[in-house]
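Colleague: Could you take a close look at the cysteines for me, and walk me through which ones pair up and which ones don't? I'm new to this, so take it slowly.

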Amino acid sequence: MKPPVFDYQDPASVEEALELLARHGAAAKVLAGGQSLMPLLNLRLARPEVVVDINRIDALDYLTEESGWLRVGARVRQRRLEREADVRRMVPLLAEAVRFVGHPQIRNRGTVCGSLAHADPAAELPAVAVAVGARLVARSRSGVREIPAEEFFTGPLTTALRPDELLAEARFPCTGPDWGWAFLEVSNRHGDYALCAVAAGVRAGDGRIQDARLAYAGAGPVPVRLREAEAALVEHSDLEEGIRAASAEARRVLQPDGDLHASSEFRRHLAAVLTARTVRLAWTRARTRSGGAHA
Amino acid sequence: MREPLRTVQLEVNGAAYTVTVPVRKTLADVLREDLQLTGTHVGCEQGVCGACTVWLDGEPVRSCLLLAIQAAGHRVTTVEALGTVDRLHPVQEAFWENHGLQCGFCTPGILMTVVAFLREHPAPSRQQIREALAGHLCRCTGYQNIVRAVEDAARRLQARGT
Amino acid sequence: MKIEGTETLHAPRDRVWALLDDPQALASCTPGMQELRPTGPDEFEAVLSIGIAAVRGTYKGKLRITERTPPERYAVQVEGSSGAGFVRAVGVLELEDQGAQTGVRWSGEVQVGGALTLGSRMIPGIARMLAGQFFQCLDRKLQEGSA
């Protein structure tokens with residue numbers, strides 16, 4: 001199939017883009033990398049009246065560090081996360097997870113902010129955002145607001161963005177050297193949507209886990225952060241006991257839907273197994289103070 | 001029904017083309033229909049199968065997920081630029097010699113990915129090759145000969161010092 | 001795809017049942033319902049504009065009430081199609097008397113076809129979201145006493 005008829009606008013400035021969104025609201029759809037929107041257009045599952053292409057807006061193409069935050073502008077392609085050493089140094093979990101985002105051809109064009117705004121429940125970057133506590137910067141003609149990741153994702157393909165808002169930037173906190181991070185995913189084919197993916201981070205101190213983060217993709221309508229499982233890791237001074245408790249918690253609490261590709265039971269099993277593997281990997285990395293570098 | 005059109009200049013395989021096309025027409029369709037460059041194939045139109053893979057500024061992308069007008073101001077490279085029937089690209093030679101294709105539908109997309117991949121990873125492991133090919137679906141070969149072809153291609157390129 | 005859930009409606013069961021028996025009240029609470037036209041006893045033609053975010057379509061179809069066991073059980077059959085595909089669903093509502101409140105156990109089986117199958121992994125989550133909206137609206141109506 002081919003895309004339906006739409007009006008096409010390619011503003012050269014953020015202001016112009018916001019003006020268009022203010023004017024058209026929900027009848028407009030922002031086109032960034034197109035790796036999520038174009039399939040919807042090609043299949044006519046989406047029929048916006050106006051497509052606002054932001055690829056001409058150079059002002060949105062920045063990947064910089066500021067006061068301990070990695071600031072990712074809306075035009076930044078996913079490929080930059082795996083190619084730029086600074087990203088691995090500052091937010092290792094991003095560099096770990098991006099390998100699982102689609103395929104290189106997708107990542108050459110797809111944007112970080114686009115993936116976040118699309119909010120697919122099985123997508124990797126939303127889980128990363130929730131795991132590290134990213135903040136999403138929404139701009140509109142009436143102003144700017146910062147939305148914490150856990151409040152940003154509200155349902156399948158649904159975010160807290162208003163129809164007149166553009167996700168202009170994603171901010172990821174630079175995680176310190178005593179944190180270790182890991183991201184693992186099970187999918188039918190490498191690069192496919194996650195049947196289950198886990199983002200894990202642990203902070204090492206005094207030979208044990210002092211703090212932890214666990215977020216899950218493909219386990220619900222939005223990325224899920226399991227604070228009880230995180231607490232279990234911190235409570236147990238013995239790593240394997242903590243892992244056992246955290247995995248059991250994941251299996252107990254998560255309620256993924258089953259479908260053609262995997263049953264709910266299998267996904268919960270995956271969640272438990274991946275919890276164990278990612279935590280072990282994250283712990284090794286934290287201990288060797290390599291952050292998230294390939295072990 | 002009103003169909004918004006745009007006139008744009010596209011640079012494809014080093015040549016300049018001026019086309020007037022519907023804004024909603026994908027790059028894959030414009031390459032095939034307006035420029036008669038039918039080497040690029042259309043499979044799933046969702047970015048999953050890889051048959052439509054071309055280069056945008058030298059990087060592999062899905063041409064079915066690009067509006068043609070978005071390619072204005074960029075360099076597009078298609079499989080036609082790799083080689084000709086009389087003068088195959090070493091990667092094409094490797095696919096030919098290793099029976100890395102049967103019906104050939106998925107092949108152009110794979111070639112575009114492989115040439116770019118070997119540029120970045122001149123001596124890849126088998127696992128790396130398989131991961132690089134994960135974005136392509138082939139219904140004929142079962143992939144074994146494709147992997148062999150890529151290994152052979154890597155050797156050929158190394159030997160040529162390319 | 002099977003989906004199910006439980007809800008609490010803040011009204012006694014007979015009032016909840018009366019609301020369920022009112023097609024216009026149901027129509028006004030159904031997300032995206034644009035038209036609901038009776039075509040026979042317990043049969044309706046419907047037009048819905050339904051979707052989430054950019055994925056939206058206008059579905060034309062039929063709704064049939066297949067079971068009515070007052071005041072405890074209610075079943076519907078819905079089918080609709082749009083350019084993007086079709087949806088078929090069967091839903092059952094079981095009402096539990098909880099005095100001033102009513103417990104609702106609902107379950108459904110959803111089938112999709114056409115281009116929609118590509119999103120089938122998200123259908124349960126989406127259906128649950130829409131069901132949530134439906135019940136929240138019913139609850140509001142019951143509490144406003146407009147039943």
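**The cysteines, up close**

Modeller: Let's start with Cys29(C), which is buried, with a relative accessible area of 4%. Keep in mind that we're looking at a predicted model. The partner of Cys29(C) is Cys137(C), and a disulfide joins the two, with 2.0 Å from S to S. A disulfide, if the word is new to you, is a covalent bond between the sulfur atoms of two cysteines. Cys137(C) counts as buried too, at 10% relative accessibility.

Now look at where the two ends sit. The pair ties together distant parts of the chain: Cys29(C) lies in helix α2 of chain C and Cys137(C) in helix α3 (residues 123–144) of chain C, 108 residues apart. Turn the view to look along the bond, and you'll find -75° about the S-S bond, so the link of Cys29(C) and Cys137(C) is left-handed.

How far can you trust this part? Chain C has a mean pLDDT of 88, and 99% of its residues reach 70 or more. Helix α2 (residues 23–29), the one that holds Cys29(C), is where confidence in chain C is lowest, at a mean of 86. Confidence in chain C is highest in strand β6 (residues 85–98), at 92. For the model as a whole, the scores are ipTM 0.96 and pTM 0.93.

What about other cysteines? Over all chains, the count comes to one disulfide, and here are two cysteines that stay out of one. The sulfur of Cys138(B) is 3.8 Å from the closest cysteine sulfur, the one in Cys106(B). To count as a disulfide, the sulfur atoms have to be within 2.5 Å, so that distance is too far for a bond. Like the bonded pair in chain C, Cys138(B) is buried, here at 9% relative accessibility.

Cys174(A) is in no disulfide either, and the nearest cysteine sulfur, that of Cys113(A), is 16 Å away. Cys174(A) is partly exposed, with a relative accessible area of 26%.

So, to pull it together: the bond to find on your screen is Cys29(C) to Cys137(C), with both of its ends buried. Then compare Cys138(B), which is buried but too far from the sulfur of Cys106(B) for a bond, and Cys174(A), which is partly exposed and has its nearest cysteine sulfur 16 Å away.

Conventions:
Residues numbered from 1 in each chain as written. Chains lettered and ligands numbered in written order. Predicted model: local features only at pLDDT ≥ 70, side-chain atom pairs only at ≥ 80, totals over all residues. Heavy atoms only, no water. pLDDT = per-residue confidence, 0-100. Helix = DSSP H or I, 4+ residues; strand = E, 2+ residues; numbered from the N terminus. Buried < 20%, exposed > 50% of the residue type's maximum accessible area, 1.4 Å probe, protein only.
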